[in-house]
Amino acid sequence: MEIQCVVHGTVQNVAYRAYVQDSATELGVCGWVKNESDGTVSVCAQGERDILKDFIEYLHEGSLKAKVTGVSVDWGTVGNVYEDFAVLYV
């Protein structure tokens, strides 16, 4: 399974991407996370459905300084297969 997520709130410049990467690594999820110009954070994650559900809970929680106000999640099938979880810098 694959999820595409957009995280809203205070999620940039608060170590949120590093938190997401650490959470993904802990759960064995592959994909990527990146900041968007509108202040949101985009996440693409691949894994088993139950593990991705746990991962979404991590996204809602956020890093210590983050204040997550919402997470939109679109479930789909895997497009590009990722081997690990990366922070993308654009």
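Select Phe85 first: at 7% relative accessibility, this residue counts as buried. The model on screen is a predicted one.

**Stop 1: the Phe55–Phe85 pair**

Keep Phe85 on screen and add Phe55. Phe55 is buried too, with a relative accessible area of 0%. How far apart are the ring centres of Phe55 and Phe85, and at what angle do their planes lie? The centres are 6.1 Å apart and the planes meet at 65°, so the pair is edge-to-face. The pair links distant parts of the chain. Phe55 sits in helix α2, Phe85 sits in strand β5, and 30 residues separate them.

**Stop 2: the core**

Now widen the selection. Phe55 and Phe85 are among the residues with the most contacts inside the largest nonpolar core, as are Tyr16, Val20, Val43 and Leu59. That core has 22 residues. Colour the elements that feed it: β1 (2–10), α1 (16–27), β3 (41–46), α2 (49–61) and β5 (85–88) each supply at least two of its residues. In soluble globular proteins, nonpolar side chains tend to be buried together.

Click Val20 next. Which residues does Val20 touch, leaving out those up to four places away in sequence? They are Val33, Val43, Phe55, Leu59 and Phe85.

**Stop 3: helix α1**

Select residues 16–27, the helix α1. Check its length with the distance tool. At 1.5 Å a residue, the 12 residues of α1 should span 16 Å, and the end C-alpha atoms are 16 Å apart, which agrees.

Show the side chains. Tyr16, Tyr19, Val20, Ser23 and Ala24 are the buried residues of α1. Turn the view to look down the helix axis: these buried residues fall within an arc of 130°, so they line one face of the helix. Swing to the other side of α1, and Asp22, Thr25 and Glu26 are exposed.

What lies over the buried residues of α1? The cover includes β1, β2 (30–35), β3, α2, β4 (67–76) and β5.

**Stop 4: two tyrosines in one helix**

Stay on α1 and keep Tyr16 and Tyr19. The structure holds 2 aromatic pairs. Tyr16 and Tyr19 form a tilted one, with 6.0 Å from centre to centre and 40° between the planes. Why are they about one helical turn apart? They are 3 residues apart in helix α1, so about one turn separates them. Both tyrosines are buried.

**Stop 5: the two ends of α1**

Step back to the loop between β1 and α1, and pick Asn13, which is found there. Asn13 is not a glycine, yet its phi is positive, at about 65°. Its relative accessible area is 79%, so Asn13 is exposed.

Move to Ala15, which lies in the loop between β1 and α1. Ala15 also has a positive phi of about 65° although it is not a glycine. Is Ala15 buried or exposed? Ala15 is exposed, with a relative accessible area of 51%; the cut-off for exposed is over 50%.

Jump to the other end of the helix. Just after α1, Gly28 takes a positive phi of about 80°.

Val29 comes next, in the loop between α1 and β2. At 3% relative accessibility, Val29 counts as buried. Beyond residues up to four places away in sequence, Val29 touches Ala24, Ala45, Gln46, Ile51, Leu52, Phe55 and Phe85. Draw a line from Val29 to Glu83: their C-alpha atoms are separated by 9.2 Å, with the two positions 54 residues apart along the chain.

**Stop 6: Ser42 in β3**

Select Ser42, which lies in strand β3. Its relative accessible area is 10%, so Ser42 counts as buried. Which side chain does Ser42 meet in a polar contact? The partner is the side chain of Glu36, at 2.7 Å. Show the surroundings of Ser42: leaving out residues up to four places away in sequence, Ser42 touches Cys5, Val6, Trp32, Val33, Lys34 and Glu36.

**Stop 7: Gln4 in β1**

Finish with Gln4, which lies in strand β1. Gln4 is partly exposed, with a relative accessible area of 35%. Its side chain makes a polar contact of 3.2 Å with the side chain of Glu2. Not counting residues up to four places away in sequence, Gln4 touches Trp32, Val43, Cys44, Ser72, Val73 and Asp74. For a last distance, pick Gln4 and Val33: they are 29 residues apart in sequence and 10.0 Å apart in space, C-alpha to C-alpha.

Definitions and conventions. Residues are numbered from 1 along each chain as its sequence is written. This is a predicted model: local features need pLDDT of at least 70, side-chain atom pairs count only at pLDDT 80 or more; totals for chains, interfaces and linings use all residues. Side-chain values use heavy atoms; hydrogens and water are left out. A nonpolar core is a set of buried Ala, Val, Leu, Ile, Met, Phe, Trp, Tyr and Cys residues joined through side-chain atoms within 4.5 Å. Buried means under 20% relative accessible area, exposed over 50%, partly exposed in between (1.4 Å probe, protein chains only). Helices (H or I, at least four residues) and strands (E, at least two) are DSSP runs, numbered from the N terminus. Contact means heavy atoms within 4.5 Å. A polar contact is a pair of N or O atoms within 3.5 Å; within protein, one must be able to donate a hydrogen and the other to accept it, and residues adjacent in sequence count only if both atoms are side-chain atoms. The expected span of a helix is 1.5 Å times one less than its number of residues. The arc is that of the directions from the helix axis to the C-beta atoms. Rings of Phe, Tyr and Trp (its six-membered ring) pair if their centres lie within 6.5 Å; planes under 30 degrees apart count as stacked, over 60 as edge-to-face and the rest as tilted.
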